[in-house]
Amino acid sequence: MSGRTVVARPGRGLRAPGLDWVLMAAVLALLVLGTLLVWSATSARDALTGGDPTTYLRKQLVNVAIGLVLMVMVMATDHRWVRILAPLAYLCSIGGLVLVLVDGATINGSRSWIQLGGMSVQPAELAKLAVVIGMALLVAERTESRSTRQVSWVDVTGMLLIAGLPALLILLQPDLGTMLVLSATVFGVIAASGAPRRWLVLLLGGAVTAAVAAVSAGLLEQYQVDRFMAFTNPDLDPRGAGYNTEQARIAVGNGGLFGQGLFHGSQTRSGFVPEQHTDFIFTVAGEELGLVGAGVLIALLAVVIWRALAIASRTDDTFGRVAAAGIACWFAFQTFQNVGMCLGIMPVTGVPLPFVSYGGSSMFAAMLAVGLLQNIHLRSTSAIPTRFLAPSRVLAGR
């Protein structure tokens with residue numbers, strides 16, 4: 001933050017410049033704002049709360065508290081242990097995804113949840129972070145042991161294999177929203193690793209070709225295609241994604257410039273927007289806080305993404321650089337997907353808004369990622385002042 005030099009001394013470790021307080025402030029503001037929005041979205045819905053308007057407020061406060069503890073644990077963990085535990089985190093995520101397919105609960109047509117008593121866990125959310133650190137570890141281990149840090153086709157293939165197994169398990173659920181976010185994240189990680197641009201072009205072309213081939217070959221049912229494309233024409237799925245899109249647009253449009261006031265949104269109080277406390281939480285901000293409030297929410301998320309890229313840009317550690325850039329790509333695409341879905345410019349795929357939507361799994365994954373970002377920042381060996389940071393260097397592989 002202040003641009004102070006971090007000095008490494010033999011046997012003494014690193015003297016770090018302190019936390020990234022801008023990142024911390026943005027995250028805490030998002031947690032407070034998100035908790036209020038969840039409370040507003042659920043307080044008038046007796047079918048959800050059982051008549052207690054504070055039910056989801058208390059649940060979300062518990063999620064936030066656990067998330068903060070997880071963040072501090074990762075933040076305080078020695079950097080070497082983060083790398084040592086990365087394979088274990090990856091294997092645990094694979095185990096969770098397999099367990100979902102064997103004994104998972106099906107909600108909204110997707111078998112993505114594991115029921116643990118009165119709590120539901122979605123392993124796919126945690127798999128996003130596991131894939132990022134798994135790919136980052138592979139790049140670091142292979143390039144740091146060579147005289148040149150140029151990423152080879154073998155490295156790219158290894159990263160794709162690391163991402164491929166979780167991606168396949170997520171597709172089998174099926175969870176298209178998480179798959180889209182994971183794909184964008186994997187592309188960002190490969191770009192940040194320093195892979196040649198021709199590889200990036202080939203990967204992008206291959207992904208588009210595979211998607212077109214899947215639809216042409218009939219691997220997707222027509223109703224699935226209609227549901228995915230309902231944002232362009234709500235009549236394709238009038239009782240599902242089309243209805244969600246229409247109600248979301250109405251709610252956001254109701255807000256105007258300054259909104260109808262927290263806890264006073266007409267669409268929100270009437271319960272017209274489905275899944276409003278989770279996937280469509282942004283519509284609460286749009287209706288009750290208006291364009292200004294929704295803009296502040298987006299700005300806070302943009303600050304988190306900016307700081308992630310800044311942390312990636314100023315660290316000399318390959319693992320830290322690639323992991324931080326991957327987290328930035330994850331947050332950026334998931335935010336774009338969620339907000340775009342609420343505005344009717346992206347398909348309704350059911351992904352939460354980071355730090356804001358109700359849900360334990362998404363909250364825990366996001367807070368673990370913030371803990372890792374702070375861990376990388378605390379052990380950064382760069383002395384580049386913040387004002388000179390160029391996040392574009394990250395995606396160019398420095």
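Which residues are linked with Arg83 in a network of salt bridges? The network joins Arg83, Glu141 and Asp317. The structure described here is a predicted model, in which local features need pLDDT of at least 70 and side-chain atom pairs count only at pLDDT 80 or more, while totals for chains, interfaces and linings use all residues. Residues are numbered from 1 along each chain as its sequence is written, and side-chain values use heavy atoms, with hydrogens and water left out.

## Salt bridges

Side chains of opposite charge can pair when their charged atoms come close. A salt bridge is defined here as a side-chain nitrogen of Lys or Arg within 4 Å of a carboxyl oxygen of Asp or Glu. Across the whole structure, seven salt bridges are found. The table lists three of them with the N to O distance.

| Basic residue | Acidic residue | N to O distance |
|---|---|---|
| Arg58 | Asp52 | 2.5 Å |
| Arg83 | Glu141 | 3.0 Å |
| Arg142 | Asp155 | 2.1 Å |

The pair of Arg83 and Glu141 links distant parts of the chain: Arg83 belongs to helix H4 (residues 79–103) and Glu141 to helix H5 (residues 123–143), 58 residues apart. Helices are DSSP runs (H or I, at least four residues), numbered from the N terminus. The pair of Arg142 and Asp155 likewise links distant parts of the chain, with Arg142 in helix H5 and Asp155 in helix H6 (residues 153–171), 13 residues apart.

How enclosed these side chains are is described by relative accessible area (buried under 20%, exposed over 50%, partly exposed in between; 1.4 Å probe, protein chains only). Arg83 is buried at 16%, whereas its partner Glu141 is partly exposed at 45%. In the bridge between helices H5 and H6, Arg142 is partly exposed at 33% and Asp155 is buried at 1%. For the remaining pair in the table, Arg58 is partly exposed at 43%, and Asp52 is partly exposed at 28%.

## Aromatic rings

A pair of aromatic rings is described by the distance of the centres and the angle of the planes. Rings of Phe, Tyr and Trp (its six-membered ring) pair if their centres lie within 6.5 Å; planes under 30 degrees apart count as stacked, over 60 as edge-to-face and the rest as tilted. By this rule there are four aromatic pairs. In one of them, the rings of Trp330 and Phe331 have centres 4.9 Å apart and planes at 45°, so this pair is tilted. Phe331 also pairs with Phe355 in an edge-to-face arrangement, with 5.3 Å from centre to centre and 65° between the planes. Phe331 lies in helix H14 (residues 318–343) and Phe355 in the loop between H14 and helix H15 (360–378), so this pair ties together parts that are 24 residues apart in sequence. Ring pairs thus link Trp330, Phe331 and Phe355 into a cluster. Trp330 is buried at 2% relative accessibility, and Phe331 and Phe355 are both buried.

## Helix H7

Helix H7 (residues 176–192) has 17 residues and reaches 24 Å from its first C-alpha to its last, close to the expected 24 Å. The expected span is 1.5 Å times one less than the number of residues. Of the 17 residues of H7, 12 are buried, so the helix is largely enclosed by the rest of the structure. Among the buried residues are Met179, Val181, Leu182 and Ile190. After H7 comes Gly194, whose phi is positive, near 95°.

Key:
Helix = DSSP H or I, 4+ residues; strand = E, 2+ residues; numbered from the N terminus.
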